[in-house]
Amino acid sequence: MTYQGLIQHYRQYLDLPAHTQAISLLEGNTPLIPMPRLGREFGCELFVKFEGLNPTGSFKDRGMTTAISEAVGRGAQTVICASTGNTAASAAAYAARAGLRSIVLIPEGKVAVGKLAGAIAYGAEVIQIQGSFDDALSLVVEITQKTPIALVNSINPYRIEGQKTSAFEICDVLGSAPDWLCLPVGNAGNITSYWAGFKQYQKGLPQVLGVQAAGAAPLVLGHPVEKPETIATAIRIGKPARGEQALEAAQQSGGRIIAVSDAEILSAQKILASEGVWVEPASAAGLAGLIAESSVGKFEAKGKKVVVVCTGHGMKDPSIITESFTAPKVIPAEYQALVEMVDA
Ligand SMILES: *Cc1c(COP(=O)(O)O)cnc(C)c1O
């Protein structure tokens, strides 16, 4: 049967109210890409779950199809979210698809250009907050408690329902859960969803390595971070809404949550690109964590199946590349100049 989106595909596993009206852009069903060359370096069977190939370029579409479908079914007309960028683009796209008004709050000046452009293109009303993601989230929680506007951040339980499906897909492709799952952790909705998904699907449980950016690592430090800072803007979050659940997932799975530096994240981004997979910085945190743990002998990967979740596409944040590269050389439009340049 042709694929009709993840609600249709996994309906029996999703705890959604009967009033839910599926609004889909055929999200999910993303590739689990084998990474044999990179895997050999760790002695493991390595895969990338490339979530950047969802309709709006990040995994947020998995939870947005369910959250918007539920909101539409109960008659909501306006949805709102706080976002570091990808939730905004996703909410805007699904709201557009459903004919709803969408309002998104973002931290001023801290959203990658591909995400902001997406939110605007899909027709969201974008509002910049003079504050952090965490401040924006408090504001949207308050307005949705006091008005009929529907909240579509990942504290909305239907977001988690939709995001569980990535765990199902991994099990469906591999035949069982991998030994390890490595992924970035920001507001912690995604790690919560994967853990719930693996538990529910009963095809085995992975150990979970959650990875935060060192400048935004409340779950590693054990306390909120007032002014989170990292180039990985998608995980620039100081008070994760599902922090407790993230710690529980890590602990129950026999895994852990660690922090890596921005330099380690950018290096992992380069390594993935050198294998043909370009992801935005936050999305490289899972691999950065795997490398960091392996290099100090804390990650026994030998003979294991390891899935690294790459949460968003590189095109979301082109400036991280274009601001640091040296501009391509310019030559006259002449054959001789080309031959000299390429040293052929
Ligand atoms: C949202 C997001 C994250 C963090 O996910 P949480 O559920 O907030 O932990 C990581 N990477 C990308 C690309 C994201 O958009």
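Two strands are taken to pair if DSSP finds at least two bridges between them, and helices (H or I, at least four residues) and strands (E, at least two) are DSSP runs numbered from the N terminus. The exercises below concern a predicted model, in which local features need pLDDT of at least 70 and side-chain atom pairs count only at pLDDT 80 or more, while totals for chains, interfaces and linings use all residues. Residues are numbered from 1 along each chain as its sequence is written, and side-chain values use heavy atoms, with hydrogens and water left out.

**Exercise 1. Determine how β1 is joined to β2, and place both strands in their sheet.**

Step 1. Strand β1 is joined to strand β2 (residues 45-50) by 3 bridges, and the two run antiparallel. Within this pairing, isoleucine 33 stands opposite valine 48 in β2.

Step 2. The sheet is open and consists of 6 strands in the order β1-β2-β10-β7-β8-β9, with mixed pairing. Its edge strands are β1 (32-34) and β9 (256-260), each of which pairs on one side only. From one strand to the next, the twist averages 25°.

Step 3. Helix α8 packs on this sheet, where it touches β1, β2, β7 and β10 (305-310), and its direction makes about 140° with that of β2. Contact here means heavy atoms within 4.5 Å, and angles run from 0 to 180 degrees between N-to-C directions, with axes fitted as lines to C-alpha atoms, for helices over the stretch in contact.

**Exercise 2. Decide whether strand β7 is buried or exposed, and find its partner in β8.**

Step 1. Buried means under 20% relative accessible area, exposed over 50%, and partly exposed in between (1.4 Å probe, protein chains only). In strand β7 (residues 180-184), 5 of the 5 residues are buried, so the strand is largely enclosed by the rest of the structure.

Step 2. Trp180, Cys182 and Pro184 point one way from β7, whereas Leu181 and Leu183 point the other way, and all are buried.

Step 3. Strand β8 (residues 207-213) runs parallel to β7 and is joined to it by 5 bridges; the bridge partner of tryptophan 180 is glutamine 207. β8 is itself mostly covered, with 6 of its 7 residues buried.

**Exercise 3. Describe how α8 packs against α9.**

Step 1. Two packed helices are described by the angle between their axes and the distance between the axes. Helix α8 (residues 165-174) and helix α9 (residues 189-201) pack at about 50°, with their axes 7 Å apart. That makes α8 oblique to α9, given that angles under 35 degrees count as roughly parallel, over 145 as roughly antiparallel, 65 to 115 as roughly perpendicular and the rest as oblique.

Step 2. The crossing of α8 and α9 is right-handed, meaning that the near helix is turned clockwise from the far one by less than a right angle, whereas an anticlockwise turn would be left-handed.

Step 3. The contact is made by Ser166, Ala167, Phe168, Ile170, Cys171 and Asp172 of α8 together with Tyr194, Gly197, Phe198, Gln200 and Tyr201 of α9.

**Exercise 4. Locate threonine 233 and list its contacts.**

Step 1. Threonine 233 lies in the loop between α10 (218-221) and α11 (243-252), and this residue is buried, with a relative accessible area of 13%.

Step 2. Leaving aside neighbours within four places in sequence, threonine 233 is in contact with Thr84, Lys110, Ala112 and Lys115.
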